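Colleague: I'm still new to reading these models, so could you walk me slowly through one part of this one? I'd like to see how its neighbours fit around it.

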Amino acid sequence: MVKKLLLCIIAAVLCSCFFLASESSEEQFIDARISTMSAAPAPTPEPKPDYTRLENILISMLESKEGDWSLYFEDYETGDIISINSHQVYSASLIKLFVAETVYNQAANGRMSISSTTEDEIRKMLTYSDNDSWSDLARKIGGGSYTNGMNIVTTTAQNEGFADTGQFFKGEHKNYNFTSVNDCGTYLHRILDGTIISPEYSEKILNYLKQQQHTQKLPSGVPEGVETANKTGELEYVQGDAAIVYAPSGPYILVMIGDGLDDSYGQIPFFGETSEVIYEYVEK
């Protein structure tokens with residue numbers, strides 16, 4: 001009986017020691033895991049592009065061309081901006097971006113309704129740069145008067161902070177439409193933000209720009225398959241394009257305008273060349 005009792009006591013002591021040893025080993029293992037995790041190096045962040053070098057490249061390219069060139073570039077995700085020589089220049093059909101904004105602004109404030117015909121005119125004005133649609137929309141904005149309509153477009157642009165944009169009586173061509181690369185670049189930024197009037201109206205404009213039929217300028221400088229959304233403008237002495245490029249590394253905004261050109265149509269390839277330099281720099 002005594003022998004059995006001693007055996008039970010010995011077994012109990014051994015079990016207790018085993019339990020304490022196991023618990024200690026588990027705690028040591030957990031402590032070791034925590035120590036290893038805390039000592040692990042933090043992941044290395046992606047290097048930020050050196051946009052100062054890109055800016056210098058672009059300045060050199062623009063200065064090598066005849067005429068008055070300006071450029072706006074924005075990395076939408078980082079907020080980095082390159083603005084070169086932005087000032088008020090003739091807008092050509094880039095003004096149509098702001099006509100579309102004004103139509104939707106008037107509708108949002110209950111000053112006009114948008115029928116299916118009006119919506120289709122906005123589409124044709126932005127996607128095909130149709131001048132008849134532009135003129136008709138301006139008259140609808142102005143209650144039948146094109147001049148009144150463009151005055152409202154100007155007021156709307158000014159009220160939205162686009163200080164260089166609208167129809168002004170100045171220059172050798174007198175009453176004409178003006179804008180700047182900074183205004184167009186800011187406009188496209190707000191489109192991506194969904195703050196041109198509202199997310200719904202911003203999305204409408206963006207979808208029309210994605211269907212753009214005139215892609216021989218800035219979109220021609222990016223690889224096939226890369227999505228773009230753009231609006232062009234051109235006259236005998238002006239060439240311009242405002243684009244969003246959905247690059248693999250993230251979207252960016254690019255606007256170029258050449259004013260005072262002797263051969264504006266001969267400058268179209270320069271848009272693609274500049275766009276290609278920027279795309280390759282961003283994606284390097």
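Modeller: Here's a walk that starts at one strand, moves along its partners and ends at a helix beside them. Keep in mind that this is a predicted model.

Let's start with strand β8, residues 250–259. Ten of its ten residues are buried, so "mostly covered" is a fair label. Try looking at the two faces of the strand. Gly250, Tyr252, Leu254, Met256 and Gly258 point one way, while Pro251, Ile253, Val255, Ile257 and Asp259 point the other way. Both sets are buried.

Now for the strands that pair with β8. One is β1, residues 68–75, which runs antiparallel to β8 and is joined to it by eight bridges. To find your place there, look for Trp69, which stands opposite Gly258. Another partner is β7, residues 238–247, also antiparallel to β8, with nine bridges between them. Here Tyr246 is the residue opposite Pro251. β7 and β8 make a hairpin, with two residues between them.

Follow β7 to its other hairpin and you get to β6: two residues join these strands as well. β6 and β7 are antiparallel and share eight bridges, and Gly233 has Gly240 in β7 as its bridge partner. Seven of the eight residues of β6 are buried, which means the strand is largely enclosed by the rest of the structure.

Just before β6 there's a loop to look at. Gln212 sits in it, between α8 (199–210) and β6 (228–235). Is Gln212 buried or exposed? It counts as buried because its relative accessibility is 6%, and the cut-off for buried is under 20%. Its side chain reaches the backbone nitrogen of His214 at 3.1 Å. Leaving out residues up to four places away in sequence, Gln212 touches Leu126, Thr127, Asn230 and Lys231.

Two of those names, Leu126 and Thr127, take us to helix α4, residues 116–127. α4 has twelve residues and spans 16 Å from first C-alpha to last, close to the 16 Å expected. Its buried residues are Thr118, Glu119, Glu121, Ile122, Met125, Leu126 and Thr127. When you look at that list, it helps to know that an α-helix has 3.6 residues a turn, so residues three or four places apart point the same way. The cover over the buried residues of α4 includes α3 (95–108), α5 (131–141), α8 and β6, and that brings us back to the strand we just left. After α4 comes Ser129, which has a positive phi near 55°.

Technical notes: Residues numbered from 1 in each chain as written. Predicted model: local features only at pLDDT ≥ 70, side-chain atom pairs only at ≥ 80, totals over all residues. Heavy atoms only, no water. Buried < 20%, exposed > 50% of the residue type's maximum accessible area, 1.4 Å probe, protein only. Helix = DSSP H or I, 4+ residues; strand = E, 2+ residues; numbered from the N terminus. Pairing = 2+ DSSP bridges. Polar contact = N/O pair within 3.5 Å; in protein donor to acceptor, adjacent residues only side chain to side chain. Contact = heavy atoms within 4.5 Å. Expected span 1.5 Å × (residues − 1).
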